[in-house]
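Subject: Structure handover and notes

Dear colleague,

I am passing on the structure below, together with my notes on what I found when going through it. Please read the notes with the model open beside them.

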Amino acid sequence: VTSLNAQCRTANCSFIYSHVAGVFSQSFCDFGPEFIVSDKDGEQPHMSQVEAITPSNPGVVKVLEDHGRHGLETGDFVKLSRVQGMPELNDTEHEVKVTGPFTFEIGDCSAFASGASATQGYITQVKKPTKVSFKDFAAASADPGELMMTDFAKFDRPGVLHTGFTALAEHVAATSSAIAPGDTAAAEAVAAAAKRMVPGLSEEQLAIVRQLAVGSSACVSPMCAAIGGVIGQEVLKAVSGKFMPIKGFMYFDAEECLPAFGSLPPASVSPRGSRYDSQIALFGSAANDAILNQRYFLVGAGAIGCEMLKNWCQMGLGCGEEGRVYVTDMDHIEKSNLSRQFLFRSSDIEHPKSVAAARKAKEMNADMNITAFEEKMCTETEAQFGDEFFTGLTAVCNALDNVHARLYMDSRCMFYQLPLYESGTLGTKGNVQICVPKLTENYGATRDPPEKSIPVCTLKNFPNQIEHTLQWSRDYFEGAFFQQPADVNTYLQGNDAATDESSKMDTLLSIKKNLVSERPYSFEECLTWARLLFEELFSSSIKQLLHNFPSDQKTSAGTPFWSGTKRCPNPVTFDADATDPDTGVRNHYDFVVSAATLRAKVYGLSAYDAEDKIKAHLESVIVPDFAAKDGVKIAANEAEAKENDDSKMADGGDEADGILKELPEPKSLAGMQLYPVEFDKDIDDQ
């Protein structure tokens with residue numbers, strides 16, 4: 001290891017080493033004496049809106065509390081922009097000193113703004129590169145420095161394992177052989193060597209060294225999977241310079257899984273020439289037989305589900321005469337799944353996840369007894385997954401992607417007193433929870449706070465975060481290209497498409513537009529509709545908003561209406577050749593063509609992409625001049641939005657009946673059908 005590390009240093013390349021010894025592991029990274037980390041945590045830069053900046057030394061920045069804490073640490077850097085009242089601060093960077101969750105100090109601001117506080121503006125965290133110096137393997141072995149913690153219940157464990165692995169390596173080098181399973185004498189020799197290295201080791205700590213040594217020749221799948229995942233991340237860090245790498249050694253163990261040292265007779269841990277010899281060496285033949293005869297239920301066959309099945313195949317779980325694995329997943333494989341659900345290949349696209357995963361599991365271990373279902377776990381399937389099914393299980397493993405399903409499975413495991421393995425991922429983060437009846441709390445015992453929903457008035461009229469614009473566009477797509485066509489089809493089938501009184505008026509109006517007043521018969525008419533839609537969404541509605549709330553309007557308290565989270569908008573003038581300077585995308589043209597193409601698809605019309613022909617038609621579209629409307633109610637907050645909805649419900653009954661009478665009879669449109677378009681984030685890849 002030392003020689004290979006030295007060669008890597010000479011070649012100026014990163015060196016990563018890992019060693020799994022039973023349920024103990026040692027990992028090491030040496031990325032050289034001057035490795036640059038461009039982003040130490042990999043998080044998106046924190047962004048906040050400024051409420052005020054004091055003209056003092058140092059200046060105190062307060063962010064809007066409605067958007068949550070600023071998330072900064074002392075020593076971070078921020079860039080200020082769009083500051084009103086202190087223009088000198090715009091596009092400047094400052095090191096911050098945090099004074100509270102919503103406040104921090106920057107440099108001297110006493111000379112700005114003639115003594116008045118700045119209002120509004122934005123702060124954006126600026127990620128600064130960090131230089132990290134690594135020791136090579138030999139130097140770090142002699143003086144590891146501060147070792148990384150992997151289990152806060154074992155504060156002294158990293159140092160003990162560093163000594164243990166060093167003593168184990170010396171013993172193996174001296175004897176030229178690995179320690180045989182169950183060789184307690186060799187394990188005692190390693191413990192004695194560790195004691196000589198660090199005389200202060202306690203008997204409890206030496207017991208850890210003995211357990212490390214006696215099972216050191218074993219290499220089990222769960223440990224390899226866990227440490228392999230960590231090392232894979234270190235490879236990405238070395239290549240990208242993103243995230244802070246392991247600096248030197250990292251130790252991890254699952255010693256609590258092992259039987260007492262020397263408690264297993266040699267015959268029970270001796271090799272049998274099977275793929276499970278490492279498990280037998282650590283836990284004994286009886287425990288291995290128990291693993292083979294487990295009956296597990298895996299709920300979900302996505303990313304985590306694939307990993308679990310792979311591990312179980314290597315462990316032999318469910319591979320005994322009485323063992324079995326059940327897996328269920330109602331989803332089918334999509335192209336985007338292939339990047340993280342490694343059991344699937346391109347040939348599996350559109351196939352059921354559970355069936356494909358079960359087939360791959362059998363390929364990895366032909367002895368696995370596995371049954372695949374395509375059912376959703378819910379009250380409607382309890383006849384299939386009832387008493388007989390659950391009472392025949394050993395445990396349940398969740399591999400789900402939503403809280404509702406997790407809570408349902410938690411309730412079933414509580415009822416049948418079954419252990420539940422719960423886990424989840426979010427980007428590079430992950431969580432695991434083991435729920436054992438009468439021993440630990442269940443999954444549903446604690447709940448995360450509900451995510452704050454975005455008020456409709458914010459989405460429609462006062463967006464102030466990129467998430468708001470994304471949600472608005474996603475909602476518009478759903479309404480215009482899926483829900484409205486679906487409502488039309490329901491009406492054409494002779495059914496009541498407006499069963500919800502709160503939205504009856506809107507539903508009937510959309511049916512009338514799609515069937516009568518705005519029904520297209522050619523792609524050119526779809527282009528006209530899309531061009532007028534652009535004008536309405538990005539120009540006319542903005543002008544109407546500014547008519548209702550002029551840029552200089554004050555609130556009843558005398559403060560500017562357009563302040564805080566309300567940002568004064570600007571109407572957009574359509575330009576087919578307008579190009580976004582950052583992305584190079586022709587936003588105006590692409591929006592119109594995409595909207596027209598989707599509408600044509602809804603009506604079963606043929607579209608074309610001849611740019612000259614499309615632009616010529618768009619130039620011929622007559623766009624009405626904007627005329628502000630008086631009496632139009634625009635909700636400025638949630639309370640006003642609710643009041644408007646209540647008023648619409650109260651006044652819309654008779655008008656809705658009138659619209660219903662204006663609609664053509666379904667039988668007069670026999671054979672007509674619209675084709676709702678479901679949103680697909682991967683459509684461009686197909």
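Is the crossing of α10 and α11 left-handed or right-handed? The crossing of these two helices is right-handed, and I should say at once that this, like everything else here, comes from a predicted model.

**The α10 and α11 pair**

Helix α10 covers residues 303-315 and helix α11 covers residues 353-364, and the two pack at an angle of about 25 degrees with their axes 9 Å apart. Because angles under 35 degrees count as roughly parallel, α10 and α11 are roughly parallel to each other. The residues that meet are L309, K310, C313 and Q314 on the α10 side, and A357, A361 and M364 on the α11 side.

**The protein as a whole**

The protein has 686 residues, of which 40% count as buried, and its secondary structure comes to 21 helices and 19 strands. The C-alpha trace spans about 95 × 75 × 50 Å along its principal axes. If one takes the contacts between residues at least 6 apart in sequence, 69% of them join residues at least 24 apart.

**Helix α13**

Helix α13 runs over residues 403-416, and at 1.5 Å a residue its 14 residues should span 20 Å, which agrees with the 20 Å that separates its end C-alpha atoms. At the N-terminal end, N402 acts as the cap, with a side-chain oxygen 3.3 Å from the backbone nitrogen of H404. After the helix comes Q417, whose phi is positive, near 55 degrees.

The buried residues of α13 are A405, R406, Y408, M409, D410, R412, C413 and Y416. As a reminder for reading that list, an α-helix has 3.6 residues a turn, so residues three or four places apart point the same way. The partners against which the buried residues of α13 pack are β14 (295-299), α12 (387-391), β17 (395-398) and β18 (420-426).

**Q211 in helix α5**

Which residues does Q211 contact, once its neighbours within four places in sequence are left aside? They are F24, L258, P259, A260 and F261. Q211 lies in helix α5, residues 203-214, and it counts as buried because its relative accessibility is 11%, where the cut-off for buried is under 20%. With P259 there is also a polar contact, in which the side chain of Q211 reaches the backbone oxygen of P259 at 3.0 Å.

**Backbone points to check by eye**

Most residues other than glycine have a negative phi, and most peptide bonds are trans. With that in mind, three places in loops deserve a look.

- The peptide bond from N57 to P58 is cis, with omega near 0 degrees, and P58 is found in the loop between β4 (47-53) and β5 (60-63).
- R82 is not a glycine, yet its phi is positive, near 55 degrees; R82 sits in the loop between β6 (77-81) and β7 (92-95), and it counts as exposed because its relative accessibility is 52%.
- E350, likewise not a glycine, has a positive phi of about 75 degrees; E350 is found in the loop between β15 (324-328) and α11, and at 64% relative accessibility it counts as exposed.

With best wishes

Technical notes: Residues are numbered from 1 along each chain as its sequence is written. This is a predicted model: local features need pLDDT of at least 70, side-chain atom pairs count only at pLDDT 80 or more; totals for chains, interfaces and linings use all residues. Side-chain values use heavy atoms; hydrogens and water are left out. Helices (H or I, at least four residues) and strands (E, at least two) are DSSP runs, numbered from the N terminus. The expected span of a helix is 1.5 Å times one less than its number of residues. Buried means under 20% relative accessible area, exposed over 50%, partly exposed in between (1.4 Å probe, protein chains only). Contact means heavy atoms within 4.5 Å. A polar contact is a pair of N or O atoms within 3.5 Å; within protein, one must be able to donate a hydrogen and the other to accept it, and residues adjacent in sequence count only if both atoms are side-chain atoms. Axes are lines fitted to C-alpha atoms, for helices over the stretch in contact, and angles run from 0 to 180 degrees between N-to-C directions. Angles under 35 degrees count as roughly parallel, over 145 as roughly antiparallel, 65 to 115 as roughly perpendicular and the rest as oblique. A crossing is left-handed if the near helix is turned anticlockwise from the far one by less than a right angle, and right-handed if clockwise.
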